[in-house]
Amino acid sequence: MSGKQARRAVGAALAISGLCAVIAVTGSATGAVEDEVRRSFSGRAYAEQLIDADGEMAGETPVAGRDVRDAPPWVEAEVADLAGVEELRATDDWSTIGFSRETDATVECEWLEDQLIRRGWTLAKTGVEGTLTGVKEEGRCSWLWFSATTVGGRACVVIQVLAR
């Protein structure tokens with residue numbers, strides 16, 4: 001890893017750690033962090049379209065999420081095999097990927113860490129439990145960050161990738 005990449009990884013890890021710490025401290029008393037994670041994985045944007053001004057359901061429920069088969073080939077080749085994940089969500093360019101599984105965050109972190117190391121990533125702890133950053137010199141992806149947290153007995157994972 002070059003000095004520039006190492007500085008970038010450490011800088012990103014510190015920035016993300018600081019932000020996560022602020023969010024955790026401000027939200028822990030009220031459960032705001034748990035609420036935000038739950039909303040992120042519940043299709044809140046879709047749900048808001050379905051509820052009218054009186055709080056009643058309006059219209060049909062749209063299909064939310066993604067199918068693993070829709071992922072570009074580089075996701076499996078360079079990040080992780082997403083077979084078996086649930087509630088898969090991703091931006092159009094797949095630079096942000098989210099999913100959940102019926103397990104806890106510790107198990108999911110270990111699984112994802114193993115997937116990334118086998119694909120050539122150098123990982124660094126961020127100082128916040130359940131989050132890691134990574135850099136890689138070869139391939140399409142050069143940087144990533146992931147976070148896993150347990151919400152309601154499910155591991156909820158968010159991965160952000162910088163792909164060239």
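## Exercises on a predicted model

Val161 is part of strand E6. The structure is a predicted model, and the exercises below work outward from single residues to helix H5 and then to the whole chain.

### Exercise 1. Val161

Determine whether Val161 is buried or exposed, and list the residues that it touches beyond four places in sequence.

Solution. Start with the accessible area. Val161 has a relative accessible area of 7%. The cut-off for buried is under 20%, so Val161 counts as buried.

Next, take the contacts. With residues up to four places away in sequence set aside, Val161 touches Trp74, Val79, Ser95, Cys141, Trp143 and Leu144.

Last, compare sequence and space for one pair. Val161 and Trp145 stand 16 residues apart in sequence, and their C-alpha atoms are 6.7 Å apart.

### Exercise 2. Arg101

Find the strand that holds Arg101, classify the residue by accessibility, and identify the side chain with which it makes a polar contact.

Solution. Arg101 is located in strand E2. Its relative accessibility is 16%, so Arg101 counts as buried.

The side chain of Arg101 is joined to that of Glu108 by a polar contact of 2.7 Å. Glu108 belongs to H5 and is among the buried residues of that helix.

The contact list of Arg101, without neighbours within four places in sequence, reads Ala83, Gly84, Val85, Glu86, Glu108, Trp111, Arg154 and Ala155.

### Exercise 3. The start of H5

Explain which residue caps the N-terminal end of H5, and describe the surroundings of that residue.

Solution. The cap is Asp104: one of its side-chain oxygens lies 3.2 Å from the backbone nitrogen of Thr106. Asp104 itself sits in the loop between E2 and H5.

At 34% relative accessibility, Asp104 counts as partly exposed. Beyond four places in sequence, Asp104 touches Thr150 and Ala155. Asp104 and Thr150 are 46 residues apart along the chain, with their C-alpha atoms separated by 5.4 Å.

### Exercise 4. The length and faces of H5

Check the span of H5 against its number of residues, then work out where its buried residues lie.

Solution. First, the length. H5 covers residues 105-118, which is 14 residues. At 1.5 Å a residue the helix should span 20 Å, and the end C-alpha atoms are 20 Å apart, so the two values agree.

Second, the buried set. Ala105, Glu108, Cys109, Leu112, Gln115 and Leu116 are buried in H5. Viewed down the helix axis, the buried residues of H5 fall within an arc of 130 degrees, so they line one face.

Third, the other side. There, Glu110, Ile117 and Arg118 of H5 are exposed.

Fourth, the packing partners. The buried residues of H5 pack against helix H4 (73-78) and against strands E2 (96-101), E3 (122-125), E5 (141-151) and E6 (154-163).

Finally, the exit. Gly120 follows H5 and has a positive phi, near 95 degrees.

### Exercise 5. Positive phi outside glycine

For Glu87 and Trp94, state the phi value, the location and the accessibility class.

Solution. Take the two residues in turn.

- Glu87 is not a glycine, yet its phi is positive, near 50 degrees. Glu87 lies in strand E1 (residues 86-90) and is partly exposed, with a relative accessible area of 39%.
- Trp94, also a residue other than glycine, has a positive phi near 60 degrees. Trp94 is in the loop between E1 and E2 and counts as buried at 3% relative accessibility.

### Exercise 6. The whole chain

Summarise the order of elements, the burial and the confidence of the model.

Solution. Begin with the elements. The chain has 5 helices and 6 strands, and along the sequence they follow the pattern α-α-α-α-β-β-α-β-β-β-β.

Continue with burial and surface. Of the 164 residues, 35% count as buried. The accessible surface comes to about 9500 Å², and 54% of it belongs to carbon and sulfur atoms.

Then consider the contacts. Among those between residues at least 6 apart in sequence, 48% join residues at least 24 apart.

End with confidence. The average pLDDT is 75, and 61% of the residues score at least 70. Over residues 17-30 pLDDT stays under 50, and the model has 9 contacts beyond four places in sequence for them. Residues 36-47 also have a pLDDT below 50, with 19 contacts in the model beyond near neighbours in sequence.

Methods: Residues numbered from 1 in each chain as written. Predicted model: local features only at pLDDT ≥ 70, side-chain atom pairs only at ≥ 80, totals over all residues. Heavy atoms only, no water. Helix = DSSP H or I, 4+ residues; strand = E, 2+ residues; numbered from the N terminus. Expected span 1.5 Å × (residues − 1). Buried < 20%, exposed > 50% of the residue type's maximum accessible area, 1.4 Å probe, protein only. Arc of directions from axis to C-beta. Contact = heavy atoms within 4.5 Å. Polar contact = N/O pair within 3.5 Å; in protein donor to acceptor, adjacent residues only side chain to side chain. Areas by Shrake-Rupley, 256 points an atom, 1.4 Å probe, with all protein chains shown as cover. pLDDT = per-residue confidence, 0-100.
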